[in-house]
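Welcome, and thank you for taking a look at this structure with us. Please have the sequence and the 3D view open side by side as you read.

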Amino acid sequence: MVALLDRVATVDTLEVASRRVLVRVDFNVPLTPEGQVSDDTRIREALPTIKLLIEKGARVVLASHLGRPKKGPEAKFSLAPAGERLAELLGQEIILTDDCIGDGAKKVVTDLREGRVALLENLRFHPEEEANDEGFARELARLCDIYVNDAFGAVHRAHASVDALPRAVPQRAAGLLLRRELEALGSLVQSAPKPYIAVLGGAKVSDKIEVIEALLARVDALLIGGAMANTFLAARGKPMGKSLVEGDKLATARDVLERAHARKVAIELPVDLVVAESVSASEGRVVDIESVGPNDMALDIGPKSVAAFSARLFGAKTVFWNGPMGLFEKAPFAAGSIGVARAIASSGGFTVVGGGDSVAAVHQAGLGEKFSHVSTGGGASLELLEGRKLPGVEALRQ
Ligand code: ADP
Ligand code: MG
(Lines give C-alpha, C1' and ligand atoms only; values in the text may rest on other atoms or scores of the structure.)
(Ligands and ions follow the chains in the order given, each with its own letter.)
Protein backbone atom coordinates (compact mmCIF):
# COMPACT_ATOMS: atom_id res chain seq x y z
CA MET A 1 0.00 0.00 0.00
CA VAL A 2 1.46 3.35 -0.97
CA ALA A 3 2.04 6.06 1.61
CA LEU A 4 -0.43 8.30 -0.15
CA LEU A 5 -3.17 6.06 1.23
CA ASP A 6 -1.83 5.87 4.82
CA ARG A 7 -4.72 6.30 7.26
CA VAL A 8 -7.17 6.75 4.41
CA ALA A 9 -10.11 4.35 4.55
CA THR A 10 -11.65 3.12 1.33
CA VAL A 11 -15.35 2.98 0.67
CA ASP A 12 -15.51 -0.83 0.46
CA THR A 13 -14.57 -1.17 4.15
CA LEU A 14 -17.47 0.95 5.44
CA GLU A 15 -20.85 -0.06 6.84
CA VAL A 16 -23.11 1.98 4.63
CA ALA A 17 -26.49 0.22 4.67
CA SER A 18 -29.30 2.78 5.04
CA ARG A 19 -26.80 5.55 5.74
CA ARG A 20 -26.67 8.77 3.77
CA VAL A 21 -23.38 8.71 1.83
CA LEU A 22 -22.31 11.88 0.04
CA VAL A 23 -19.92 11.08 -2.80
CA ARG A 24 -17.89 13.91 -4.30
CA VAL A 25 -17.67 12.86 -7.94
CA ASP A 26 -16.10 14.59 -10.94
CA PHE A 27 -19.01 15.06 -13.33
CA ASN A 28 -17.33 18.08 -14.91
CA VAL A 29 -18.06 16.62 -18.35
CA PRO A 30 -17.85 18.33 -21.75
CA LEU A 31 -21.24 19.28 -23.23
CA THR A 32 -22.31 19.81 -26.84
CA PRO A 33 -23.78 23.22 -27.77
CA GLU A 34 -27.19 21.50 -27.46
CA GLY A 35 -26.37 20.55 -23.88
CA GLN A 36 -25.74 16.81 -24.31
CA VAL A 37 -22.84 15.04 -22.62
CA SER A 38 -20.24 14.67 -25.40
CA ASP A 39 -17.82 12.46 -23.44
CA ASP A 40 -19.13 10.44 -20.51
CA THR A 41 -15.77 8.96 -19.42
CA ARG A 42 -15.85 10.73 -16.06
CA ILE A 43 -19.36 9.48 -15.33
CA ARG A 44 -18.45 5.91 -16.26
CA GLU A 45 -15.31 6.06 -14.12
CA ALA A 46 -17.47 6.88 -11.09
CA LEU A 47 -19.78 3.88 -11.61
CA PRO A 48 -17.88 1.27 -9.55
CA THR A 49 -18.20 3.32 -6.37
CA ILE A 50 -21.81 4.30 -7.04
CA LYS A 51 -22.81 0.70 -7.83
CA LEU A 52 -21.05 -0.62 -4.73
CA LEU A 53 -22.99 1.83 -2.56
CA ILE A 54 -26.28 0.97 -4.26
CA GLU A 55 -25.67 -2.76 -3.75
CA LYS A 56 -24.89 -2.23 -0.09
CA GLY A 57 -28.13 -0.33 0.40
CA ALA A 58 -26.68 3.12 1.00
CA ARG A 59 -28.68 6.26 0.31
CA VAL A 60 -26.39 7.84 -2.27
CA VAL A 61 -25.99 11.60 -2.61
CA LEU A 62 -23.71 12.73 -5.43
CA ALA A 63 -22.06 16.15 -5.55
CA SER A 64 -19.98 17.74 -8.32
CA HIS A 65 -19.06 20.96 -9.99
CA LEU A 66 -19.44 21.61 -13.72
CA GLY A 67 -17.73 24.38 -15.67
CA ARG A 68 -17.11 27.82 -14.32
CA PRO A 69 -20.41 29.56 -13.56
CA LYS A 70 -19.73 33.20 -12.72
CA LYS A 71 -21.79 34.19 -9.72
CA GLY A 72 -24.90 32.11 -9.27
CA PRO A 73 -26.99 29.49 -11.04
CA GLU A 74 -26.74 29.41 -14.85
CA ALA A 75 -28.85 26.89 -16.78
CA LYS A 76 -26.01 26.01 -19.15
CA PHE A 77 -23.97 24.72 -16.21
CA SER A 78 -26.73 22.52 -14.78
CA LEU A 79 -25.78 18.94 -13.90
CA ALA A 80 -29.06 17.76 -15.47
CA PRO A 81 -27.40 16.28 -18.62
CA ALA A 82 -24.87 14.42 -16.46
CA GLY A 83 -27.70 13.11 -14.29
CA GLU A 84 -29.58 11.88 -17.38
CA ARG A 85 -26.52 10.08 -18.67
CA LEU A 86 -25.93 8.50 -15.26
CA ALA A 87 -29.56 7.34 -15.13
CA GLU A 88 -29.07 5.60 -18.50
CA LEU A 89 -25.85 3.96 -17.39
CA LEU A 90 -27.32 2.75 -14.09
CA GLY A 91 -30.75 1.93 -15.41
CA GLN A 92 -32.39 3.74 -12.54
CA GLU A 93 -33.85 7.11 -11.79
CA ILE A 94 -31.60 9.92 -10.53
CA ILE A 95 -33.22 12.70 -8.55
CA LEU A 96 -31.61 16.08 -9.26
CA THR A 97 -32.03 18.71 -6.53
CA ASP A 98 -32.75 22.35 -7.44
CA ASP A 99 -29.85 23.50 -5.32
CA CYS A 100 -27.01 21.66 -3.59
CA ILE A 101 -27.89 23.03 -0.15
CA GLY A 102 -31.03 24.27 1.59
CA ASP A 103 -34.39 22.80 2.54
CA GLY A 104 -35.12 21.35 -0.91
CA ALA A 105 -31.93 19.30 -0.97
CA LYS A 106 -32.45 18.31 2.65
CA LYS A 107 -35.95 17.01 1.88
CA VAL A 108 -34.78 15.01 -1.18
CA VAL A 109 -32.08 13.34 0.90
CA THR A 110 -34.37 12.70 3.88
CA ASP A 111 -36.89 11.00 1.59
CA LEU A 112 -34.22 9.03 -0.30
CA ARG A 113 -34.67 5.28 0.06
CA GLU A 114 -31.94 2.66 0.33
CA GLY A 115 -30.18 1.95 -2.97
CA ARG A 116 -31.48 5.19 -4.48
CA VAL A 117 -29.39 8.02 -5.88
CA ALA A 118 -29.78 11.79 -5.67
CA LEU A 119 -27.57 14.27 -7.51
CA LEU A 120 -27.04 17.70 -5.99
CA GLU A 121 -27.11 20.60 -8.45
CA ASN A 122 -23.75 22.21 -9.39
CA LEU A 123 -21.72 23.06 -6.29
CA ARG A 124 -20.21 26.09 -8.04
CA PHE A 125 -23.58 27.82 -8.20
CA HIS A 126 -22.37 28.95 -4.77
CA PRO A 127 -19.11 30.96 -4.79
CA GLU A 128 -18.56 29.54 -1.29
CA GLU A 129 -17.54 26.25 -2.92
CA GLU A 130 -14.34 27.64 -4.44
CA ALA A 131 -13.76 29.80 -1.35
CA ASN A 132 -13.59 26.63 0.79
CA ASP A 133 -16.22 28.23 3.02
CA GLU A 134 -16.84 26.37 6.26
CA GLY A 135 -20.45 27.50 6.65
CA PHE A 136 -21.24 26.16 3.18
CA ALA A 137 -19.43 22.93 4.03
CA ARG A 138 -21.55 22.58 7.19
CA GLU A 139 -24.68 22.96 5.06
CA LEU A 140 -23.48 20.11 2.84
CA ALA A 141 -22.52 18.08 5.92
CA ARG A 142 -26.17 18.19 7.05
CA LEU A 143 -26.97 16.02 4.03
CA CYS A 144 -24.84 13.02 4.97
CA ASP A 145 -23.56 10.59 7.58
CA ILE A 146 -20.55 9.50 5.56
CA TYR A 147 -18.37 11.36 3.02
CA VAL A 148 -16.61 9.65 0.12
CA ASN A 149 -14.27 11.39 -2.30
CA ASP A 150 -14.08 9.79 -5.75
CA ALA A 151 -13.22 12.95 -7.68
CA PHE A 152 -9.52 12.54 -8.43
CA GLY A 153 -9.75 15.37 -10.98
CA ALA A 154 -10.62 17.78 -8.14
CA VAL A 155 -8.44 16.61 -5.21
CA HIS A 156 -5.72 19.19 -5.87
CA ARG A 157 -8.18 22.01 -5.19
CA ALA A 158 -8.90 23.11 -1.63
CA HIS A 159 -12.55 23.76 -2.34
CA ALA A 160 -15.36 23.30 0.19
CA SER A 161 -16.64 19.95 -1.13
CA VAL A 162 -13.08 18.60 -1.26
CA ASP A 163 -11.48 20.06 1.86
CA ALA A 164 -13.78 21.72 4.43
CA LEU A 165 -16.65 19.24 3.97
CA PRO A 166 -14.81 15.98 4.75
CA ARG A 167 -13.31 17.65 7.81
CA ALA A 168 -16.87 18.37 9.00
CA VAL A 169 -18.09 14.76 8.56
CA PRO A 170 -17.13 12.13 11.16
CA GLN A 171 -16.70 9.24 8.72
CA ARG A 172 -14.84 9.71 5.45
CA ALA A 173 -13.21 7.53 2.84
CA ALA A 174 -11.70 7.38 -0.62
CA GLY A 175 -13.80 6.00 -3.46
CA LEU A 176 -12.61 3.18 -5.69
CA LEU A 177 -11.53 5.48 -8.52
CA LEU A 178 -9.58 7.74 -6.19
CA ARG A 179 -7.84 4.73 -4.69
CA ARG A 180 -6.94 3.37 -8.12
CA GLU A 181 -5.51 6.74 -9.18
CA LEU A 182 -3.45 7.10 -6.00
CA GLU A 183 -2.10 3.57 -6.33
CA ALA A 184 -1.12 3.98 -9.98
CA LEU A 185 0.34 7.48 -9.73
CA GLY A 186 1.81 6.72 -6.32
CA SER A 187 3.90 3.96 -7.84
CA LEU A 188 5.47 6.56 -10.17
CA VAL A 189 6.86 8.47 -7.19
CA GLN A 190 7.93 5.52 -5.06
CA SER A 191 10.64 3.16 -6.27
CA ALA A 192 9.40 2.94 -9.84
CA PRO A 193 11.25 0.20 -11.78
CA LYS A 194 13.91 1.48 -14.20
CA PRO A 195 14.43 2.36 -16.95
CA TYR A 196 11.90 5.05 -16.09
CA ILE A 197 11.07 7.39 -18.96
CA ALA A 198 8.93 10.50 -18.96
CA VAL A 199 7.45 11.86 -22.18
CA LEU A 200 6.44 15.50 -21.97
CA GLY A 201 4.80 17.77 -24.47
CA GLY A 202 1.83 20.06 -24.77
CA ALA A 203 1.49 23.75 -25.05
CA LYS A 204 3.86 25.34 -22.58
CA VAL A 205 7.04 24.86 -20.58
CA SER A 206 5.73 27.31 -17.99
CA ASP A 207 2.72 25.08 -17.14
CA LYS A 208 4.97 22.15 -16.44
CA ILE A 209 8.29 23.40 -15.16
CA GLU A 210 7.65 22.06 -11.66
CA VAL A 211 6.84 18.59 -12.87
CA ILE A 212 9.93 18.63 -15.10
CA GLU A 213 12.04 19.46 -12.05
CA ALA A 214 10.46 16.69 -10.01
CA LEU A 215 10.88 14.16 -12.81
CA LEU A 216 14.58 15.01 -13.27
CA ALA A 217 15.18 13.50 -9.84
CA ARG A 218 13.58 10.20 -10.80
CA VAL A 219 13.76 9.37 -14.48
CA ASP A 220 16.49 7.99 -16.72
CA ALA A 221 15.33 9.89 -19.77
CA LEU A 222 13.02 12.76 -20.61
CA LEU A 223 11.58 12.83 -24.13
CA ILE A 224 10.25 16.26 -25.04
CA GLY A 225 7.91 17.06 -27.91
CA GLY A 226 5.02 19.39 -28.69
CA ALA A 227 5.19 23.14 -28.42
CA MET A 228 7.22 22.59 -25.26
CA ALA A 229 10.04 21.22 -27.40
CA ASN A 230 10.01 24.40 -29.51
CA THR A 231 11.17 26.41 -26.52
CA PHE A 232 13.94 23.90 -25.77
CA LEU A 233 15.04 23.89 -29.42
CA ALA A 234 15.06 27.70 -29.48
CA ALA A 235 17.15 27.63 -26.30
CA ARG A 236 19.66 25.50 -28.19
CA GLY A 237 19.76 28.14 -30.91
CA LYS A 238 17.62 26.39 -33.52
CA PRO A 239 15.55 28.57 -35.87
CA MET A 240 11.87 28.15 -34.99
CA GLY A 241 10.20 30.52 -37.49
CA LYS A 242 6.68 31.36 -36.37
CA SER A 243 6.34 28.38 -34.04
CA LEU A 244 4.95 28.76 -30.55
CA VAL A 245 8.01 29.57 -28.45
CA GLU A 246 7.99 30.98 -24.93
CA GLY A 247 10.64 33.65 -25.37
CA ASP A 248 10.78 34.37 -21.66
CA LYS A 249 11.46 30.73 -20.80
CA LEU A 250 14.65 30.20 -22.78
CA ALA A 251 16.83 30.57 -19.69
CA THR A 252 14.60 28.14 -17.81
CA ALA A 253 14.93 25.63 -20.63
CA ARG A 254 18.74 25.98 -20.67
CA ASP A 255 18.80 25.49 -16.93
CA VAL A 256 16.76 22.28 -17.25
CA LEU A 257 19.13 21.00 -19.94
CA GLU A 258 22.16 21.68 -17.73
CA ARG A 259 20.66 20.07 -14.68
CA ALA A 260 19.61 17.02 -16.64
CA HIS A 261 23.18 16.71 -17.88
CA ALA A 262 24.55 16.98 -14.33
CA ARG A 263 22.12 14.31 -13.13
CA LYS A 264 22.87 12.07 -16.10
CA VAL A 265 19.28 12.19 -17.26
CA ALA A 266 19.14 11.83 -21.03
CA ILE A 267 17.07 14.51 -22.72
CA GLU A 268 15.76 13.80 -26.18
CA LEU A 269 14.43 16.63 -28.30
CA PRO A 270 12.90 16.21 -31.76
CA VAL A 271 15.35 15.75 -34.64
CA ASP A 272 12.75 16.60 -37.26
CA LEU A 273 9.45 18.46 -37.29
CA VAL A 274 6.24 18.73 -39.26
CA VAL A 275 5.78 22.36 -40.26
CA ALA A 276 3.09 24.40 -42.01
CA GLU A 277 2.45 28.10 -42.56
CA SER A 278 -0.77 28.03 -40.56
CA VAL A 279 -2.57 25.85 -38.03
CA SER A 280 -5.37 25.37 -40.54
CA ALA A 281 -3.09 24.03 -43.29
CA SER A 282 -4.45 20.84 -44.86
CA GLU A 283 -1.04 19.22 -44.80
CA GLY A 284 2.38 19.65 -43.29
CA ARG A 285 5.97 19.28 -44.50
CA VAL A 286 8.65 17.28 -42.71
CA VAL A 287 11.85 19.26 -42.19
CA ASP A 288 14.97 18.58 -40.19
CA ILE A 289 15.64 20.58 -37.09
CA GLU A 290 17.99 23.09 -38.74
CA SER A 291 15.61 23.85 -41.62
CA VAL A 292 12.57 25.54 -40.10
CA GLY A 293 11.89 28.53 -42.37
CA PRO A 294 10.98 32.04 -41.18
CA ASN A 295 7.28 31.53 -41.99
CA ASP A 296 7.07 27.95 -40.71
CA MET A 297 5.24 26.83 -37.61
CA ALA A 298 6.38 23.54 -36.07
CA LEU A 299 3.12 21.71 -35.38
CA ASP A 300 4.22 18.12 -34.78
CA ILE A 301 7.35 16.03 -34.30
CA GLY A 302 8.56 14.28 -37.45
CA PRO A 303 8.91 10.56 -38.25
CA LYS A 304 12.62 10.36 -37.32
CA SER A 305 11.79 11.81 -33.93
CA VAL A 306 9.00 9.28 -33.45
CA ALA A 307 11.47 6.52 -34.32
CA ALA A 308 14.09 7.86 -31.90
CA PHE A 309 11.56 8.24 -29.08
CA SER A 310 10.18 4.76 -29.80
CA ALA A 311 13.65 3.24 -29.60
CA ARG A 312 14.11 4.81 -26.16
CA LEU A 313 10.72 3.62 -25.00
CA PHE A 314 11.23 0.04 -26.08
CA GLY A 315 11.99 -1.99 -22.97
CA ALA A 316 11.21 0.80 -20.50
CA LYS A 317 9.88 -0.51 -17.19
CA THR A 318 8.02 2.67 -16.21
CA VAL A 319 6.63 5.36 -18.50
CA PHE A 320 4.76 8.53 -17.65
CA TRP A 321 3.32 10.64 -20.45
CA ASN A 322 1.89 14.14 -20.25
CA GLY A 323 1.34 16.52 -23.12
CA PRO A 324 0.72 15.76 -26.82
CA MET A 325 3.60 15.82 -29.30
CA GLY A 326 1.82 18.28 -31.59
CA LEU A 327 -1.43 19.87 -32.65
CA PHE A 328 -3.01 16.39 -32.63
CA GLU A 329 -6.56 17.77 -32.86
CA LYS A 330 -5.81 18.41 -36.56
CA ALA A 331 -5.22 15.28 -38.65
CA PRO A 332 -2.09 16.51 -40.50
CA PHE A 333 -0.37 17.04 -37.14
CA ALA A 334 -1.55 13.97 -35.20
CA ALA A 335 1.00 11.35 -36.33
CA GLY A 336 3.63 12.26 -33.73
CA SER A 337 1.25 11.90 -30.79
CA ILE A 338 -0.27 8.71 -32.16
CA GLY A 339 3.15 7.21 -32.93
CA VAL A 340 4.45 7.99 -29.46
CA ALA A 341 1.24 6.67 -27.87
CA ARG A 342 1.77 3.38 -29.74
CA ALA A 343 5.41 3.18 -28.68
CA ILE A 344 4.48 3.72 -25.03
CA ALA A 345 1.65 1.18 -25.20
CA SER A 346 3.98 -1.45 -26.62
CA SER A 347 6.98 -0.67 -24.39
CA GLY A 348 6.10 -3.56 -22.10
CA GLY A 349 6.44 -1.43 -18.96
CA PHE A 350 4.02 0.09 -16.47
CA THR A 351 2.54 2.93 -18.49
CA VAL A 352 0.60 5.94 -17.23
CA VAL A 353 -0.88 8.85 -19.16
CA GLY A 354 -2.24 11.97 -17.48
CA GLY A 355 -3.51 15.31 -18.79
CA GLY A 356 -6.80 16.12 -20.50
CA ASP A 357 -5.40 16.52 -24.01
CA SER A 358 -2.91 13.66 -23.76
CA VAL A 359 -5.68 11.32 -22.64
CA ALA A 360 -7.81 12.53 -25.57
CA ALA A 361 -4.90 11.72 -27.91
CA VAL A 362 -4.64 8.20 -26.44
CA HIS A 363 -8.35 7.63 -26.99
CA GLN A 364 -8.12 9.10 -30.49
CA ALA A 365 -5.42 6.51 -31.20
CA GLY A 366 -7.73 3.80 -29.82
CA LEU A 367 -5.11 2.83 -27.23
CA GLY A 368 -6.99 3.49 -23.97
CA GLU A 369 -7.03 -0.20 -23.06
CA LYS A 370 -3.35 -0.63 -23.80
CA PHE A 371 -2.08 1.69 -21.09
CA SER A 372 -1.64 0.42 -17.53
CA HIS A 373 -3.40 3.51 -16.24
CA VAL A 374 -5.24 6.40 -17.89
CA SER A 375 -5.61 9.12 -15.30
CA THR A 376 -8.83 11.13 -14.97
CA GLY A 377 -6.98 14.06 -13.42
CA GLY A 378 -4.71 16.39 -15.38
CA GLY A 379 -3.74 18.99 -12.80
CA ALA A 380 -4.08 16.52 -9.93
CA SER A 381 -1.75 13.97 -11.54
CA LEU A 382 0.92 16.63 -12.14
CA GLU A 383 0.69 17.96 -8.58
CA LEU A 384 1.01 14.44 -7.24
CA LEU A 385 4.16 13.87 -9.33
CA GLU A 386 5.54 17.19 -8.13
CA GLY A 387 5.32 15.70 -4.64
CA ARG A 388 2.75 18.20 -3.46
CA LYS A 389 0.13 17.32 -0.90
CA LEU A 390 -3.34 16.97 -2.36
CA PRO A 391 -5.86 18.78 -0.11
CA GLY A 392 -8.65 16.34 -0.91
CA VAL A 393 -6.54 13.35 0.11
CA GLU A 394 -5.16 15.02 3.24
CA ALA A 395 -8.71 15.79 4.36
CA LEU A 396 -9.56 12.08 4.28
CA ARG A 397 -6.81 11.01 6.68
CA GLN A 398 -7.94 9.69 10.06
P1 ADP B 1 -2.47 18.13 -21.40
O2 ADP B 1 -3.91 18.60 -21.40
O3 ADP B 1 -2.33 16.72 -21.83
O4 ADP B 1 -1.79 18.44 -20.10
P5 ADP B 1 -1.55 20.59 -22.62
O6 ADP B 1 -2.85 21.22 -22.25
O7 ADP B 1 -0.33 21.03 -21.94
O8 ADP B 1 -1.69 18.97 -22.52
O9 ADP B 1 -1.28 20.81 -24.18
C10 ADP B 1 -2.12 20.34 -25.16
C11 ADP B 1 -2.28 21.32 -26.28
O12 ADP B 1 -1.04 21.67 -26.83
C13 ADP B 1 -3.10 20.72 -27.39
O14 ADP B 1 -4.20 21.55 -27.62
C15 ADP B 1 -2.14 20.71 -28.57
O16 ADP B 1 -2.77 20.99 -29.81
C17 ADP B 1 -1.18 21.81 -28.21
N18 ADP B 1 0.10 21.65 -28.90
C19 ADP B 1 1.00 20.66 -28.77
N20 ADP B 1 2.05 20.84 -29.58
C21 ADP B 1 1.82 21.97 -30.28
C22 ADP B 1 2.55 22.71 -31.28
N23 ADP B 1 3.72 22.27 -31.73
N24 ADP B 1 2.00 23.84 -31.73
C25 ADP B 1 0.81 24.27 -31.28
N26 ADP B 1 0.08 23.64 -30.34
C27 ADP B 1 0.58 22.50 -29.86
MG1 MG C 1 -4.73 20.58 -21.62
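The report below visits a helix, a ligand site and a handful of individual residues.

## Before we start

Please keep in mind that this is a predicted model.

## An enclosed helix

Let us begin with helix α9, which covers residues 226-235. Here 10 of the 10 residues are buried, so the helix is largely enclosed by the rest of the structure. If you would like to follow them one by one, the buried residues are G226, A227, M228, A229, N230, T231, F232, L233, A234 and A235.

What covers the buried residues of α9? The cover includes two helices, α8 (209-216) and α10 (250-262). It also includes the strands β7 (196-200), β8 (221-224), β10 (272-276) and β12 (297-301). Just after α9 you will meet G237, whose phi is positive, at about 85°.

## Where the ligand sits

Helix α9 also leads us to ligand 1, because α9, β12 and α13 (356-364) each supply at least two residues of the shell around ligand 1. The largest share of that shell comes from α13, with three residues. In total, 18 residues surround ligand 1, and the closest are K208, A298, E329, D357 and S358. As for its location, ligand 1 sits in the second largest pocket.

Some polar atoms are worth finding in the 3D view. In A227, a residue of α9, a backbone N or O atom lies 3.1 Å from a nitrogen atom of ligand 1. D357 places a polar side-chain atom 2.8 Å from an oxygen atom of ligand 1. The side chain of S358 has an N or O atom 2.4 Å from an oxygen atom of ligand 1. Taken alone, ligand 1 exposes 570 Å², and the protein buries 84% of that.

## A loop with two backbone features

Next, turn to the loop between α7 (176-189) and β7, where P195 lies. The peptide bond from K194 to P195 is cis, with omega near 0°.

S191 lies in the loop between α7 and β7 as well. Its phi is near 40°, a positive value in a residue other than glycine. Is S191 buried or exposed? At 74% relative accessibility, S191 counts as exposed, because the cut-off for that word is over 50%.

## A positive phi before the first strand

R7 is found in the segment before β1 (20-24). Although R7 is not a glycine, its phi is positive, at about 55°. R7 is exposed, with a relative accessible area of 55%.

## Two buried loop residues

Loops can hold buried residues too, as R124 shows here. R124 lies in the loop between β4 (117-119) and α5 (134-141). Its relative accessibility is 5%, so R124 counts as buried. Which residues does R124 touch, not counting residues up to four places away in sequence? They are H65, G67, R68, P69, E129, E130, R157 and H159.

The other example is T376, in the loop between β15 (373-374) and α14 (378-385). T376 has a relative accessible area of 13% and is buried, because buried means under 20%. Leaving aside its neighbours within four places in sequence, T376 is in contact with R42, E45, F152, G153, L177 and E181.

Conventions: Residues are numbered from 1 along each chain as its sequence is written. Chains are lettered from A and ligands numbered from 1 in the order in which they are written. This is a predicted model: local features need pLDDT of at least 70, side-chain atom pairs count only at pLDDT 80 or more; totals for chains, interfaces and linings use all residues. Side-chain values use heavy atoms; hydrogens and water are left out. Buried means under 20% relative accessible area, exposed over 50%, partly exposed in between (1.4 Å probe, protein chains only). Helices (H or I, at least four residues) and strands (E, at least two) are DSSP runs, numbered from the N terminus. Contact means heavy atoms within 4.5 Å. A residue is near a molecule or strand if one of its heavy atoms lies within 4 Å of it. A polar contact is a pair of N or O atoms within 3.5 Å; within protein, one must be able to donate a hydrogen and the other to accept it, and residues adjacent in sequence count only if both atoms are side-chain atoms. Accessible areas come from the Shrake-Rupley method with a 1.4 Å probe; for residues, only the protein chains shown count as cover. On a 1 Å grid over the protein atoms alone, a cavity is a set of points where a 1.4 Å probe fits but cannot get out, and a pocket is an open set with protein on both sides within 12 Å along at least five of seven lines; lining residues have an atom within 4 Å of a point. A molecule sits in a cavity or pocket if more than half of its atoms lie within 2 Å of its grid points.
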